Amino acid sequence: MQILRNTIGLTVDGSLMRLHVARPRLEGRWPGILFYSDIYQLGDPIKRLADRLAGYGYVVAAPEIFHRLEPIGSVIEPDDIGRLRGNNNASRTLVSDYDSDSAAVLSWLAADPGVDQGCLGAIGFCIGGHLAFRAALRPEVKCTACVYPTGLQDGKVGQGIADSLQRASYIRGALLTIFGSLDPHVPSEAREAILATLAALPDLRHRTLLYEANHTFMRDDGERWDPECADQAWAQLIQFLRQEIG
């Protein structure tokens, strides 16, 4: 399916937040997806994933997660300095600010005439996987995919300690988690702690996938990229979305 792309500006708590928006070219009312990047914001690898998802029949809105700290349009390079810069931005952003951004993007999606407001979902990678998990706490979110989410086990996502995992019982939609067994940022003990907490919630519709892959294995510009595992995970993610929101 062919897509259209554009840039939207939303003001959240006095700060201008850029959204990369991709949608099907074909007119209609499509499910809407809040799409979270990793700490490097909206570089080409993340936008390629967002655009690809739109081609499956979704309106995808990807925010700049550090808009309060970085100039609008900033893309952080995935090198040693960029890693320091991205992690510093992450640690300086209030957890409540991340939540305000989530609410703003979901409200924008629900108001868009091309979105079926009853079919909203969230997807995120790395820190974005944790932020997507927090978005799942909102009742309007029908399904969420958290891809190698960081900080769930210890509440580290921003300034202050997040109680995301402790609030998992608030999730009313379906949840998909995707991990890599070689991921140093979500090692086996952390992954097992997360999954044990989720498994203890009888009303939570959750499934998880584990690949023999490293952190960021779906990001196609680095040495950790694993094309085969990325394709397998992508197929499962699309199947999950179509089962839950169409």
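Here are some short exercises, each with a worked solution, on a predicted model of a protein.

**Exercise 1. Describe the largest pocket: its volume, its lining and the residues nearest its centre.**

Step 1. Start with the space itself: the volume of the largest pocket is about 710 Å³.

Step 2. Next, look at the walls. The lining is made of 26 residues, and those nearest the centre are Ile39, Tyr40, Cys126, His185 and His215.

Step 3. Sort the lining by class. You should find 8 nonpolar, 10 polar and 8 charged residues.

Step 4. Ask which helix gives the most to this lining. That is helix H2, residues 80-92, with 4 residues.

**Exercise 2. Now do the same for the second largest pocket, and name the helices that help to line it.**

Step 1. The second largest pocket holds about 160 Å³ of space.

Step 2. Walk along its lining: you will meet Pro45, Arg48, Leu49 and Arg52, then Met218, Arg219, Asp220, Trp225, Pro227, Ala230, Asp231 and Trp234.

Step 3. Match these to the helices. Helix H1 (44-54) and helix H6 (227-245) each provide at least two residues of the lining.

Step 4. Sort by class again. This lining has 7 nonpolar residues, 5 charged residues and no polar ones.

**Exercise 3. Find the largest nonpolar core and explore the surroundings of Phe133.**

Step 1. Recall the general background: in soluble globular proteins, nonpolar side chains tend to be buried together.

Step 2. In this model, the largest nonpolar core has 48 residues, and the members that touch the most others are Leu19, Leu109 and Phe133.

Step 3. Zoom in on Phe133. Setting aside neighbours within four places in sequence, its contacts are Thr144, Cys146, Leu152, Ser164, Leu165, Ala168, Ile171, Leu175 and Leu198.

Step 4. Look for a second core as well. There is a separate one of 38 residues, with Leu53, Ala62, Phe125 and Tyr148 among them.

**Exercise 4. Compare the span of helix H3 with the expected value, then list its buried residues.**

Step 1. Helix H3 covers residues 95-111, which is 17 residues.

Step 2. At 1.5 Å a residue, 24 Å is expected, and the span from the first C-alpha to the last is 25 Å, close to that value.

Step 3. The buried residues of H3 are Val95, Asp97, Tyr98, Asp101, Ser102, Ala103, Val105, Leu106, Trp108 and Leu109.

Step 4. To think about the spacing in that list, remember that an α-helix has 3.6 residues a turn, so residues three or four places apart point the same way.

**Exercise 5. Decide whether Asp97 and Asp101 are buried or exposed, and find their contacts.**

Step 1. Asp97 lies in helix H3, and Asp101 lies in helix H3 too.

Step 2. Use the cut-off: buried means under 20% relative accessible area. Asp97 has 15%, so it is buried. Asp101 has 4%, so it is buried as well.

Step 3. List contacts, leaving out neighbours within four places in sequence. Asp97 touches Asp13 and Arg68, while Asp101 touches Val12, Met17, Ile65, His67 and Arg68.

**Exercise 6. Two residues have a positive phi although they are not glycines: where do Asp13 and Cys126 lie, and are they buried or exposed?**

Step 1. The phi of Asp13 is about 55°, and that of Cys126 is about 60°.

Step 2. Asp13 is in the loop between strand E1 (3-12) and strand E2 (15-24). Cys126 is in the loop between strand E5 (115-125) and helix H4 (127-136).

Step 3. Asp13 has a relative accessible area of 58%, so it is exposed. Cys126 has 11% and therefore counts as buried.

**Exercise 7. Place Ser74 in the fold and describe its surroundings.**

Step 1. Ser74 sits in the loop between strand E4 (59-63) and H2.

Step 2. With a relative accessible area of 10%, Ser74 is buried.

Step 3. Beyond its neighbours within four places in sequence, Ser74 is in contact with Gln41, Glu64 and Arg85.

Step 4. Finally, compare sequence with space: Ser74 and Leu42 are 32 residues apart in sequence, and their C-alpha atoms are 7.9 Å apart.

Technical notes:
Residues numbered from 1 in each chain as written. Predicted model: local features only at pLDDT ≥ 70, side-chain atom pairs only at ≥ 80, totals over all residues. Heavy atoms only, no water. 1 Å grid on protein atoms, 1.4 Å probe; cavity = no way out; pocket = protein on both sides within 12 Å on 5 of 7 lines; lining within 4 Å. Points joined across faces, edges and corners; volume = space filled by probe spheres on them. Nonpolar A, V, L, I, M, F, W, Y, C, P; charged D, E, K, R; others polar. Core = buried A, V, L, I, M, F, W, Y, C linked by side-chain atoms within 4.5 Å. Buried < 20%, exposed > 50% of the residue type's maximum accessible area, 1.4 Å probe, protein only. Contact = heavy atoms within 4.5 Å. Expected span 1.5 Å × (residues − 1).
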